[in-house]
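Good morning, colleagues. Please look at the sequence and the model on the screen while I take you through a few of its features.

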Amino acid sequence: MKRLETDKTYLITGGAGFIGFHLSKSLLEAGAQVIGLDNKNDYYEVGLKEDRLAILENYENYCFYEMDLTDKEDVMDLFKKKRPDFVVNLAAQAGVRHSIDNPDVYIQSNIVGFFHILEACRRYPVEHLVFASSSSVYGGNEKVPFSTEDKVDCPVSLYAATKRSNELMAYSYSKLYGIPATGLRFFTVYGPYGRPDMAYFKFAVKIMNKEPIQIYNNGDMYRDFTYIDDVVEGIKNVLYNSPEKDERGVTYKIYNIGNHKPEKLMDFVSVLEKYLGKEAKKEFFPMQPGDVYQTYADVTDLMEDYGFKPHTSLDEGIRRFVEWFKDYYGY
């Protein structure tokens, strides 16, 4: 397996985001040249994105561009100027429920924006394009664990539909133009500097403020929570090694990145309560539109190809998150 090449340039879109920040920091600490790109939208608190960037900008081998992927001319100019060797596309409008109320932004960011990345990789060839997909593409699949061999043609949210579209778009560009591409289906990533729109983060805020937390499907849900350090390690292993050609001669691959251990939602809440030192006030509701009963990643391919093995337990991961959370917000 190949390892990090420090003489190469790595472009990380969504660079001010949760995963983008941690991946960039890991690459920078290893001596890589990293370019960050982000539009810093206000879907969640911009101050958190700026604080992540402030940390990254302490590295001499980092540069950042505030840019929207929907501006094709800007994207092309950046690729022409910087000629990245590797691209990790993490930029996207996130959030399943938000996509029900605000569909337009998902089409623009996740479809149009990704199309511009593909076009840039075609015009200015890269060694490998890695892009973020999501466990949401599995929709209401009942067979577990979720495998990349499963049929994923029944998305239950527009967000999931855009992520599946990204996979198909990348495959066609890989087939037509020889762009080595790997898609990663992330499973409920959490940790320090995480996304405030995600349930664990919202729960922490409300518990500390003595406000009730909203628990859906009456708490009968399972999630394959995956700690950020494990996710970053998985991304890096894939990033340095473009896929082999498949049976059709296409250099394209899809992997799950998950903890391979679904946790009961109520058990998760209990761990969060333990480390926050407070008991949550709970309100129970039915399942929400676009939500799914469980997520459970089959990571066999990633283990076989790269030796990927998540090692952070939920207890340890939540402990680290709460330690950061209390320090960052002054609780």
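At roughly what angle do the axes of helix α9 and helix α11 cross? Before I answer, a word on the source: this is a predicted model, in which local features need pLDDT of at least 70 and side-chain atom pairs count only at pLDDT 80 or more, while totals for chains, interfaces and linings use all residues. Residues are numbered from 1 along each chain as its sequence is written, and side-chain values use heavy atoms, with hydrogens and water left out.

The axes of α9 (residues 265-276) and α11 (residues 314-329) cross at roughly 45 degrees and come within 9 Å. Helices here are DSSP runs of H or I with at least four residues, strands are runs of E with at least two, and both are numbered from the N terminus. Axes are lines fitted to C-alpha atoms, for helices over the stretch in contact, and angles run from 0 to 180 degrees between N-to-C directions. The two helices are therefore oblique to each other; angles under 35 degrees count as roughly parallel, over 145 as roughly antiparallel, 65 to 115 as roughly perpendicular, and the rest as oblique. On the α9 side, the contact (heavy atoms within 4.5 Å) includes Phe 268, Val 271 and Leu 272, and on the α11 side it includes Ile 318, Phe 321 and Phe 325. By class, the contact residues are 10 nonpolar, no polar and 4 charged. Nonpolar covers Ala, Val, Leu, Ile, Met, Phe, Trp, Tyr, Cys and Pro; charged covers Asp, Glu, Lys and Arg; the others, Gly among them, are polar.

A second helix pair is α1 (residues 18-29) with α2 (residues 46-56), whose axes come within 10 Å and cross at roughly 5 degrees. That makes α1 roughly parallel to α2. In this pair, Phe 18, Phe 21, Ser 24, Lys 25 and Leu 28 of α1 meet Arg 52, Ile 55 and Leu 56 of α2.

I turn now to the sheet. It is open, with 7 strands in the order β3-β2-β1-β4-β5-β6-β11 and parallel pairing; two strands pair if DSSP finds at least two bridges between them. β3 (62-66) and β11 (252-257) are at the edges with a single partner strand each, so one side of each has no neighbour in the sheet. From one strand to the next, the twist averages 15 degrees.

Let us follow β4 within this sheet. Strand β4 (residues 86-89) pairs with β5 (residues 128-134) in the parallel sense over 4 bridges, and β1 and β4 also pair in the parallel sense over 4 bridges. Phe 86 of β4 stands opposite Tyr 10 and opposite His 128 in β5, while Asn 89 stands opposite Phe 131 in β5. Which residues cover the two faces of β4? Phe 86 and Val 88 lie on one side, Val 87 and Asn 89 on the other, and all are buried, meaning under 20% relative accessible area, with exposed over 50% and partly exposed in between (1.4 Å probe, protein chains only). Helix α3 (residues 72-82) lies across β1, β2, β3 and β4, running at about 160 degrees to β3.
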